[in-house]
Structure formats: structure tokens, C-alpha cells
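Let's take a friendly look around this model, starting with a few charged pairs and ending with some strands. Have the sequence and the 3D view ready.

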Amino acid sequence: MLQEQQRDAGHSTDVRHPATEGRRRLGRRPVLIGACLALALAGGVGAAYAFGLFSDIGDPVSFGESHEPAAATGDVTPGVRMPTGPRASFVRSSRLPDGTQIAQTTVTGAKSGFKGDVWVWAPKEYDDPRYAKSAFPVLISLPGGRGYPKNYWGTGPGLGLQQAVTDGVKAGTSLPFILVMPVINADTKHHFDGSDIPGRPKMGTWMAEDIPDFTRANFRTFDSRDGWAFMGSSSGGFGALKHVLKFPDRFKAVIASGVDMVPDSPLWKGNKPAMDANNPEKLAAKLIKEGGPDVYVNFQIGTKESGRATAEKFMKTYGKGPVHTRLQVIQDGEHNGKSYVRGMKEGSLAWISKVMAAPTPSSVGAPEAR
């Protein structure tokens, strides 16, 4: 499995948890204010900001809670699921220039039993009262490499994923996706192929069941698969691709970047039946044989990385019937997150937005499933 080389560590934010860290910070603020004043006198206000003493990172965060209770008591658009609860305790890990924020929480999966961190970002439209009764499409975003204890899509906003969605919404080329960014491995020593490897932590169940359950508990989501998709890079791209092909009744589309096509974790130890059950090639063949439902697969490959021939072979063999495929070639693109975000901006976000359900303001009718 190609391992994602995270070259954007300088953009990563060290997330403080558990969620009570935000409350602890409140008690520290008198001390911090005094320190800020001292720094301002000694070296100017800029010095205080440089030391992070005015930062609100680690403070509690909520999404949509100001208007959702009122919306839930009124007429909700058909096909929309209001947050089911219980609400997670989020803390802020980053802010974007438009005021939107990335928040982090820790989730214990009821079905997998795995406990790990998850980062979320909601677009500006999510807190717009006009959309208080509308669902939003979800893009579960998986990292490559170790994928533990962090997810670089959430801790590295400098990669530009959130900004790409924001810019796409403004340009009318992207839906305002909610981005949900879980860890994908159970430790830093192994990769788990995004699967329930016998005798190992159930990372497949974590991503395919617990993460959607967590999202439904906290956000307004669509009842149908038309509002659920994956994206991922490298080993995360493998997991993203596999989940859509394995559970086409739950997920409709995927953007898979720099991805291999077969499970290759040494933890399988030659368990072929279990590997076959998580093999995208086997799953695509099964889906074609069964005649659907339709899924939409967008591969992304940079011209400065390997893997294009593998993606094209998959498309030629399995890109038929209910399996719709597309290839986004990224000129001068390498095997890293920044290249893949560029590919998303150049076409993949627009492509996936055309096959997913869109949120609608309250003055407009229910979104159509496509």
C-alpha cells in the first residue's frame, strides 16, 4: 500500500483534548491576559499573538444548535434527519478566514468498540437560518499514511480541503459538504486496510457504521445514500473506495486519490475469504453482477506518481453497468494531499456534487435524489 507522505506538518494544529480542556482554559485567562499585557508593553501586541496567548483554540464549539430546536418542532423537509443526539463535546482546533471552524472530539464506536478522534467542519451555510430545516451532504474524508492519532485533513487546514469546498460553493461548482475526518488506524504500527481484520480492531465497522452514526447524532443529514460519500488519499483512498463498493445502499460516491486496488495489510495473514470481502475488485464485480445500485467512483492520480495504469485498468474492467468511473489527472501532481486538493478544485468536487443531494433553503422544495 502506498503510504501518504504528509509534507504539511507545519500547518497541523495540536488538538487539546478531552473536551474539558476548553473549560480549563477559561480559568487560565486571567493569567493569559496579564501575560498578553506584559508582552504588549514589552514587544507590542503582535508578540502576544505570536505566542498564541489570544488564541481560542481548545474552546467549546457547537454546530447549528441555535436554530435546530425550533426547526425540529416545525415542518421538516421530507428526507431530512434532524440530529438524533446525544451531542458530542467538540473543541475548536482551527478557524478558517470566513469564520468557519474545524472542531475535534473523541468518539467511542458503539458497534466497533474502537475509541478514536474525529474532526469535523461545517460550511457557512450550515448555520444559516434559511437552511435550519435542510440536510447537508456528508463527505467522510480519510487520510493516508498512519492515519493515527490524527487525520491530516482535519489537523492540517493548510492543505486547503475546507477552503476548496468554500470556494466551490461560492463559484457554484461544489455542494456545501460537511466534512467528517476520523482516524483510520488503531495504532501507529499497522495499517488495517479500513477493514475488520479478524482478531484486530474493527476499523471497517468504525468507518462504515460508527462514523455515520456519530454524524447523524450531531448534524442534519439526509435519510438516503444520496447525501453520503467518501473521499480519501493513498491508504485512505483504498478505504474510501472499498466502503462505497461494499455498502452501495449506504454510500453513493467516492473520490479516491493515489489509491491501490487490493487489500495488502500483513495483518490478514493470508486469510483470503476475509480479504476478498474487502477487495474493491471483487466488490465491483459483485455489484455489476447484482445490477446495482449505481455508484460513482472518481479516481485522482498525479502525473508525478505511480498508479495511473492501475486506475485505468480498474476503470476498463469494472467501469460498466452500475459502476460509473472517472479519472482526474493532476498535472505535475505528486502523492500528497495538496496535489489531491488541487485535483478536487479542478474537477472532482464539481463531479461529485452533480450526483449528490443538495441542501435547500426553507423557501425551496425538498431536494431531489439523483
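Does D56 count as buried or partly exposed, and at what relative accessibility? This is a predicted model, so keep in mind that every value here is computed from it. D56 comes out as partly exposed, at 22% relative accessibility, because buried would mean under 20%.

**Charged pairs**

D56 has a partner: it makes a salt bridge with R95, and their closest N and O atoms are 3.0 Å apart. This pair ties together distant parts of the chain, with D56 in the loop between α2 (45–50) and β1 (60–61) and R95 in strand β3 (residues 90–95), 39 residues apart. R95 is partly exposed too, at 44% relative accessibility.

The structure has twelve salt bridges in total. Here are three of them:

| Salt bridge | Closest N to O distance |
|---|---|
| D56 and R95 | 3.0 Å |
| K111 and E209 | 3.5 Å |
| R216 and D213 | 2.8 Å |

K111 and E209 form a salt bridge that also links distant parts of the chain: K111 sits in the loop between β4 (101–108) and β5 (115–121), while E209 belongs to helix α6 (residues 203–218), 98 residues apart. K111 is partly exposed, with a relative accessible area of 46%, and E209 is partly exposed at 24%.

R216 and D213 are a more local affair: both are in helix α6, three residues apart, or about one turn of the helix. R216 is partly exposed at 22% relative accessibility, and D213 is partly exposed with a relative accessible area of 28%. Through shared salt-bridge partners, K111, E209, D213 and R216 end up in one network.

**Strands and their turns**

Now follow the chain to β4. Six of its eight residues are buried, so β4 is largely enclosed by the rest of the structure.

What does β4 pair with? On one side of the story is β3, which runs antiparallel to β4 and is joined to it by four bridges. Within this pairing, V91 has Q104 of β4 as its bridge partner. The hairpin of β3 and β4 has five residues between the strands, and G99 there takes a positive phi near 95°.

β4 also pairs with β5, again in the antiparallel sense, over seven bridges. A103 is matched with V120 in β5. Six residues lie between the strands of this hairpin, and G113 in the turn has a positive phi of about 80°.

Note on methods: Residues are numbered from 1 along each chain as its sequence is written. This is a predicted model: local features need pLDDT of at least 70, side-chain atom pairs count only at pLDDT 80 or more; totals for chains, interfaces and linings use all residues. Side-chain values use heavy atoms; hydrogens and water are left out. A salt bridge is a side-chain nitrogen of Lys or Arg within 4 Å of a carboxyl oxygen of Asp or Glu. Helices (H or I, at least four residues) and strands (E, at least two) are DSSP runs, numbered from the N terminus. Buried means under 20% relative accessible area, exposed over 50%, partly exposed in between (1.4 Å probe, protein chains only). Two strands pair if DSSP finds at least two bridges between them.
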